Amino acid sequence: MDCCRSTLRSMGTNPEMHAVSEDGLFMIPISLKWRGKSVAVEACGEKHYAVGSVDVPLASVLARWRSLEMRRWRVLSVPNFHWKKLKTDEQRRCYLEAALDAVLWRIDEKAKFDSAGGKKAKQNSALSEVAGHVGGIPKGWPTALLASL
């Protein structure tokens, strides 16, 4: 987590460690403002995922992320198995910048669909297919990025 924080600092953000949500119910490991939005950054290890799967978060993890989103936080999960494959500072910065932008995109696009009304279920289903990963990175994106390393 310290390595992630130092990379975020090098990107010009001012990450805060161990922030607490306004209602006092959640501790946020790393919080920061990205493009004017509050983002909670969480490093996720094997204990955050279903047994035998690296892309299926546990229900308790999903509930935490959704609860933070309901409190107007964008949530970026940084899986340790992705982070360990990033060898240089530049790779880490590129990864975090793209992931942070993806988190904002996923939430903003969902809000647009939700406010549009009408065929909400179909639109939300299509959005889920595009956005994929709950941590905010479009489906297939980390694998494609990391495969190029």
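Select Glu16 first. Its bridge partner in β2 is Ser31. Now step to Met17, whose bridge partner in β2 is Ile30. Keep in mind as you click that this is a predicted model.

**The β1-β2 hairpin**

Colour β1 and β2. The two strands run antiparallel, joined by 4 bridges. Follow the chain from one strand to the other. The hairpin has 6 residues between its strands. Stop at Gly24 there: its phi is positive, near 80 degrees.

**The whole sheet**

Show every strand. You have an open sheet of 4 strands, in the order β1-β2-β3-β4, with mixed pairing. Which strands are at the edges? They are β1 (16-20) and β4, each of which pairs on one side only. Turn the view so that you look through the sheet. On average, neighbouring strands are turned by 45 degrees against each other, direction ignored. While the side chains are on, recall a general rule: in a regular strand they alternate between the two faces of the sheet.

**Zoom out**

Switch to a cartoon of the full chain. The protein has 6 helices and 4 strands. From start to end, their pattern reads α-β-β-β-α-β-α-α-α-α. Of the 149 residues, 40% are buried. Take the contacts with a separation of 6 or more: 58% of them are between residues 24 or more positions apart. Add a surface. About 8,500 Å² is exposed, and carbon and sulfur atoms supply 55% of that area.

**Helix α2 on the sheet**

Select residues 59-70, which form helix α2. This helix lies across β2, β3 and β4. Against β3, α2 runs at about 170 degrees.

Next, pick Arg64 and Glu42. They form a salt bridge, with the closest N and O atoms 2.6 Å apart. Why does this pair link separate parts of the chain? Arg64 lies in helix α2 and Glu42 in strand β3, so the salt bridge ties together parts that are 22 residues apart in sequence. Check the exposure of both ends. Glu42 counts as buried, at 5% relative accessibility. Arg64 counts as partly exposed, at 23%.

Stay on α2 and pick Glu69 and Arg66. They also form a salt bridge, where the closest N and O atoms are 2.8 Å apart. Both residues lie in α2, 3 residues apart, which is about one turn of the helix. Is Glu69 buried or exposed? Glu69 counts as buried, at 17% relative accessibility. Arg66, at 39%, counts as partly exposed.

**Helix α4 and its charges**

Move to Arg92 and Asp89. Their side chains meet in a salt bridge of 3.1 Å, N to O. Both are in helix α4, 3 residues apart, about one turn of the helix. Arg92 is buried, with a relative accessible area of 14%. Asp89 is partly exposed, with 46%.

Now select Arg35, Glu97 and Asp101 together. A network of salt bridges links these residues. The structure holds 7 salt bridges.

**The nonpolar cores**

Hide the charged side chains. Select Leu8, Val41, Leu76 and Leu96. These are the residues with the most contacts inside the largest nonpolar core, which has 18 residues. Which elements give two or more residues to this core? They are α1 (2-10), β2 (27-34), β3 (37-44), β4 (74-79) and α4 (89-116). The most comes from α4, with 6 residues.

Centre on Leu8 and show what surrounds it. Leave aside neighbours within four places in sequence. Leu8 is then in contact with Thr13, Pro15, Ile30, Leu32, Val41, Leu96 and Leu100. You have already met Ile30 on this tour, as the bridge partner of Met17.

For the last stop, select Phe26, Ile28, Trp65 and Val75. They are among the 11 residues of another core, which lies apart from the one around Leu8.

How values were computed:
Residues numbered from 1 in each chain as written. Predicted model: local features only at pLDDT ≥ 70, side-chain atom pairs only at ≥ 80, totals over all residues. Heavy atoms only, no water. Buried < 20%, exposed > 50% of the residue type's maximum accessible area, 1.4 Å probe, protein only. Contact = heavy atoms within 4.5 Å. Areas by Shrake-Rupley, 256 points an atom, 1.4 Å probe, with all protein chains shown as cover. Core = buried A, V, L, I, M, F, W, Y, C linked by side-chain atoms within 4.5 Å. Salt bridge = Lys/Arg side-chain N within 4 Å of Asp/Glu carboxyl O. Pairing = 2+ DSSP bridges. Axes fitted to C-alpha atoms, helices over the stretch in contact; angles between N-to-C directions.
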